[in-house]
Amino acid sequence: MTQFRVSRALTRKGISPEKQGLIFFACLNINSLDETFKQKVLNTCIEVGGEDYQALYRFLTDAYVNHVYICNVYFISKARLFALKRDFYLKLAQNWE
């Protein structure tokens, strides 16, 4: 199960712990939110993840999977998955309205 942790790297890049939490929990509750936000998350995953966008999207929006599962199912390295997650947070925080 996914658990929220504040990233010091993201904090150093200007994303507050509160905004990190907001993004994290919004992604986990994506089905409860409006279509505009769903599309924004998907588009950001596609833009950041490229060919690995499905792995990134599932990792961010499915509370019942962890990075080990994602890496094994989507054949992506742990380092790449977490780098994509960091880039996703940076991009989404930049475009947050």
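This is a short tour of the empty spaces in this structure, which is a predicted model.

**Stop one: the largest pocket.** Start by selecting Gln3, Arg5, Phe59, Phe82 and Lys85, the lining residues that lie nearest the centre of the largest pocket. With those lit up, you're looking into about 450 Å³ of space. The full lining runs to 17 residues.

**Stop two: the helices around the pocket.** Now color helix H6, residues 78-94, and helix H2, residues 17-28; each of them gives the pocket lining at least two residues. Which helix supplies the largest share of that lining? It's H6, with 4 residues.

**Stop three: the chemistry of the pocket.** Try coloring by residue class next. In the lining of the largest pocket you'll find 8 nonpolar residues, 6 polar ones and 3 charged ones.

**Stop four: the cavity.** Time to look for enclosed space. How many cavities of 30 Å³ or more turn up in a search of the whole structure? The answer is 1, and the volume of the largest cavity is about 40 Å³. To find the spot, select Thr2, Phe24, Leu28, Phe59, Leu60 and Lys85, which line the largest cavity. Two of those names may ring a bell: Phe59 and Lys85 line the cavity and were also on the list for the pocket's centre.

**Last stop: what surrounds the cavity.** Keep H2 colored and add helix H4, residues 53-61: both contribute at least two residues to the cavity lining. Sorted by class, that lining has 4 nonpolar residues, 1 polar and 1 charged.

Definitions and conventions
Residues numbered from 1 in each chain as written. Predicted model: local features only at pLDDT ≥ 70, side-chain atom pairs only at ≥ 80, totals over all residues. Heavy atoms only, no water. 1 Å grid on protein atoms, 1.4 Å probe; cavity = no way out; pocket = protein on both sides within 12 Å on 5 of 7 lines; lining within 4 Å. Points joined across faces, edges and corners; volume = space filled by probe spheres on them. Nonpolar A, V, L, I, M, F, W, Y, C, P; charged D, E, K, R; others polar.
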